[in-house]
Amino acid sequence: MTMPFDTRSGNHLTRELIEVLFPMFEQASAGAIAVDRQGRISWINSRYARLLGLSDTHSVIGRPVCSVIARSRMPEVVESGRPLLLDIMEYKTQQLVVTRLPLFDELGEVSGAVAFVLYDDLQPLTPLVSKYRRLHQDLQAARRALARQGRSTRYQLADFAGATPAALEVKRRARLAAGRDIPVLLLGETGTGKEVLAQSIHALSARASGPFVGVNLAAIPENLLEAEFFGVAPGAYTGADKRSREGKFQLANGGTLFLDEVGDMPQALQAKLLRALQEQEVEPLGSNQVVPVDVRVLAATSRDLTEMVADGRFRSDLYYRLNVLEVRIPPLRERLGDLGVLCEGLLEDICSGHSRVEITDDAVALLAHYHWPGNIRELRNVLERAYTMSEQAELLDVELINRVLPLQEKRAGAVSTVPVAMAVRPLAEVLADAEAAAIQAALQQTGGNRAQAARLLGISRSVFYEKLARYS
């Protein structure tokens, strides 16, 4: 297929063709100019001369075009033999929309070039430019949305249920962490809600519009961890994809990277992670180029990192880098006062789309006798099993909970054969005692300052005074 302006073909803007089209182009344009093979001005019309501020068109004939129009691209068109169909040329304070076309002789050689000023004012193009900018912004927004798809958070801080002093302290520190763009270390047993809290911190932070990327270090084979973290360059190893593959750091760029079970990280990778955190750049596997990243790291573990540091199983410098702000999440057995609230929230989620199921106060009291090694995750499992066995019942009672709860593993001091009625208290009383204890603990911690105590508990002063008056 013959291409226009291809110097190897016979299809050129010859003198004969230009003589036919030139009057029409000149009449429709705001100015026109022509140069010869050496880039010297061979012709210019009066309108273009006025645009350039020239009083006499004859004075510039034969002069190099760049001496009259600084940074002119006419020599580029003559040299390449290819047109520049639409360009914005700045001349002094003016912005001119210009098209430039090469001219060819009978032998197919470039003999010069001609240019037409299509617009000497950009104002008529304003609607077109505005539409382009809107389309470009919509495209960028769509790309960002697609990049974040599957990388957003599901949980908010309200999903971390609880009103005991321990739970309120966790929420307070989570809000503190959200307001500071620093690494945070979440410590707690498995099933306590570390990922819920990590997503909550991200959702409250200034990076909420960015991606949230989580990676469980205990679930990835050791030989794949480096590739998962830092990405892979094309053909980095035998059988590797010919395309580059982004790592978790690149995917989390501009957002948050959540490292779950960071205590399971092999020592060989710890040094590379430390460098990535310090320098905010990564080097993909098989590449010699570094990639800058902007990532906020949240780490979580159920292990005792201080003991691991002492034993040499975890780098102390990485520990101090991750542990800028520490949030300890208490196990469920240390906040049994939250059992009622947790059961209500979990049952609402379990029964989503189905008939609502509630749990009796006596059943909650029975749950309080169990030591919960699996914490909230195990509590959800128990409630799901009870709901499955409820046979359309709308109430989970003691008998049903007793059938699914491993009573032989009750915490010390609790005997499964003791009648439940002996240990039962109304749920309202249990919650009232928990609120009263939380208020008392907050007042002690703040030295009796009620305003600070209200902020510590995450409630308004009016609500605090109301509860204080009630429990006093």
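**Figure 1. Aspartate 87 and arginine 73 meet in a salt bridge.** This is a predicted model. The two side chains come together with N and O 3.5 Å apart. Aspartate 87 belongs to strand β3, residues 84–91. Arginine 73 sits in the loop between α3 (65–68) and α4 (74–80). The pair therefore ties together parts that are 14 residues apart in sequence. Aspartate 87 has 17% relative accessibility, so it counts as buried, the limit being under 20%. Arginine 73, at 30%, counts as partly exposed. A network of salt bridges links Arg73, Glu76, Asp87 and Arg100. The structure as a whole holds 18 salt bridges.

**Figure 2. Glutamate 169 and arginine 172 form a salt bridge within helix α6.** Their closest N and O atoms are 2.9 Å apart. Helix α6 covers residues 165–178. The partners are 3 residues apart in this helix, so about one helical turn separates them. Glutamate 169 is partly exposed, with a relative accessible area of 24%. Arginine 172 is partly exposed too, with a value of 26%.

**Figure 3. A salt bridge between arginine 207 and aspartate 294 links distant parts of the chain.** The closest N and O atoms lie 2.8 Å apart. Arginine 207 is in the loop between α7 (194–204) and β7. Aspartate 294 is in the loop between β10 (291–292) and β11. In sequence, the two residues are 87 residues apart. Arginine 207 is buried, with a relative accessible area of 10%. Aspartate 294 is partly exposed, with a relative accessible area of 39%.

**Figure 4. Five parallel strands make an open sheet.** The strand order is β7-β8-β11-β6-β12. At the edges stand β7 and β12 (325–328), each pairing on one side only. On average, neighbouring strands are turned by 20 degrees against each other, direction ignored. Strands β6 and β11 run parallel and are joined by 4 bridges. Leucine 187 stands opposite threonine 301 in β11. Helix α7 packs on the sheet. This helix touches β6, β7, β8, β11 and β12. The direction of α7 makes about 155 degrees with that of β6.

**Figure 5. The largest nonpolar core has 31 residues.** In soluble globular proteins, nonpolar side chains tend to be buried together. Phe229, Phe249, Leu257, Leu259 and Val262 have the most contacts inside this core. Strands β6 (184–187), β7 (212–216), β8 (256–260) and β11 (296–301) are among the elements that give two or more residues. Helices α8 (225–230), α10 (267–279), α11 (305–310) and α12 (316–322) do so as well. The most comes from α10, with 5 residues.

**Figure 6. What surrounds leucine 259, leaving aside its neighbours within four places in sequence?** Leucine 259 is in contact with Val215, Leu217, Phe229 and Leu273, among others. Further contacts include Val297, Leu298, Ala299 and Ala300. Elsewhere there is a second, separate core of 30 residues. Its members include Leu332, Trp372, Ile376 and Ala386.

Key. Residues are numbered from 1 along each chain as its sequence is written. This is a predicted model: local features need pLDDT of at least 70, side-chain atom pairs count only at pLDDT 80 or more; totals for chains, interfaces and linings use all residues. Side-chain values use heavy atoms; hydrogens and water are left out. A nonpolar core is a set of buried Ala, Val, Leu, Ile, Met, Phe, Trp, Tyr and Cys residues joined through side-chain atoms within 4.5 Å. Buried means under 20% relative accessible area, exposed over 50%, partly exposed in between (1.4 Å probe, protein chains only). Contact means heavy atoms within 4.5 Å. A salt bridge is a side-chain nitrogen of Lys or Arg within 4 Å of a carboxyl oxygen of Asp or Glu. Two strands pair if DSSP finds at least two bridges between them. Axes are lines fitted to C-alpha atoms, for helices over the stretch in contact, and angles run from 0 to 180 degrees between N-to-C directions.
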